[in-house]
Amino acid sequence: MKIINKVESPLLHRTEVIALADHIGRKTLDYKEVKDSLVKELKVDEKLLVVKNIHGIFGKGYSKVKAYVYKDEDSLNKIEEKPKVKKENVQESKTQEQINK
């Protein structure tokens, strides 16, 4: 993992990081692998790092990664969207409620 650019955003209480992830001869890295690598590289808390996207560059063997490192959890919770509940889980809970009635 090679850090290309780091931009401080004081208004949003975060640092925007652009990096290149090498994966020559392998598949494109998943979010977990990229997050672990960035945590080690930047020496930050895993809870405060959010990987926004991974763009594989066709035929090159590396991907461009965009991530945000927040100053604190409060800033992270105010800005980042909460993950949505999958419809499958909602339907399962509804069927369980119907069974229990």
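Select D45 first: in this predicted model, D45 sits in the loop between α1 and β3. Its relative accessibility is 41%, so D45 counts as partly exposed. Now add K71 to the selection and draw the C-alpha to C-alpha distance. D45 and K71 are 26 residues apart in sequence, and 9.8 Å separates their C-alpha atoms in space.

**From K71 to E8**

Keep K71 and show its side chain together with that of E8. The two side chains form a salt bridge, with an N to O distance of 2.5 Å. This pair ties together distant parts of the chain: E8 belongs to strand β1, K71 to the loop between β4 and α2, and their positions lie 63 residues apart in sequence. How exposed is each partner, E8 and K71? E8 has 44% relative accessibility and therefore counts as partly exposed. K71 is also partly exposed, with a relative accessible area of 48%. By the salt-bridge rule, the count comes to 6.

**Zooming out**

Switch to a cartoon view of the protein chain. It contains 3 helices and 4 strands, arranged along the sequence as β-β-α-β-β-α-α. Colour by accessibility: of the 101 residues, 28% count as buried. Among contacts with a separation of 6 or more, 48% are made by residues 24 or more positions apart.

**The strands**

Select β1 and β2. These strands run antiparallel and are joined by 7 bridges. Together β1 and β2 form a hairpin with 4 residues between them. In that turn, pick H13, which has a positive phi of about 55°.

Next, select S9. Which residue of β2 is the bridge partner of S9? The partner is R14. Show the side chain of R14 and that of E16: they meet in a salt bridge with an N to O distance of 3.7 Å. The two ends of this pair fall into separate accessibility classes. R14, at 9% relative accessibility, counts as buried because the cut-off is under 20%. E16 has a relative accessible area of 23% and is partly exposed.

Now hide β1 and show β4 beside β2. The β2 and β4 strands run antiparallel, with 9 bridges joining them. To find the register, select V17, whose bridge partner in β4 is A67.

**Helix α1**

Select residues 31-42, which make up helix α1. A quick check on the geometry: at 1.5 Å a residue, these 12 residues should span 16 Å, and the end C-alpha atoms are 16 Å apart, which agrees.

Show the side chains of V34, L38, V39 and L42, which are buried. They cover an arc of only 135° around the axis, so they lie on the same side of α1. What do the buried residues of α1 pack against? Their packing partners are β1 (2-9), β2 (14-22), β3 (49-56) and β4 (62-70). Turn the view to the face directed away from the buried side, where the exposed residues K32 and K40 are found.

Stay with K32 and add D36. Their side chains meet in a salt bridge at 3.4 Å, N to O. D36 and K32 are 4 residues apart in helix α1, which means that about one helical turn separates them. In general, an α-helix has 3.6 residues a turn, so residues three or four places apart point the same way. D36 counts as partly exposed because its relative accessibility is 28%. Add E46 to the view: salt bridges with shared partners join K32, D36 and E46 into one network.

Step past the end of the helix to K43, which follows α1 and has a positive phi near 55°.

**Last stop: S75**

Select S75, a residue of helix α2 (residues 73-79). Is S75 buried or exposed? At 8% relative accessibility, S75 counts as buried. Show the side chain of D72 as well: a polar contact of 2.7 Å joins it to the side chain of S75. Finally, expand the selection around S75 while leaving out its neighbours within four places in sequence. The residues in contact with S75 are then L12, H13 and Y70. H13 has already appeared on this tour, in the turn of the hairpin formed by β1 and β2.

Methods. Residues are numbered from 1 along each chain as its sequence is written. This is a predicted model: local features need pLDDT of at least 70, side-chain atom pairs count only at pLDDT 80 or more; totals for chains, interfaces and linings use all residues. Side-chain values use heavy atoms; hydrogens and water are left out. Helices (H or I, at least four residues) and strands (E, at least two) are DSSP runs, numbered from the N terminus. The expected span of a helix is 1.5 Å times one less than its number of residues. Buried means under 20% relative accessible area, exposed over 50%, partly exposed in between (1.4 Å probe, protein chains only). The arc is that of the directions from the helix axis to the C-beta atoms. Contact means heavy atoms within 4.5 Å. A polar contact is a pair of N or O atoms within 3.5 Å; within protein, one must be able to donate a hydrogen and the other to accept it, and residues adjacent in sequence count only if both atoms are side-chain atoms. Two strands pair if DSSP finds at least two bridges between them. A salt bridge is a side-chain nitrogen of Lys or Arg within 4 Å of a carboxyl oxygen of Asp or Glu.
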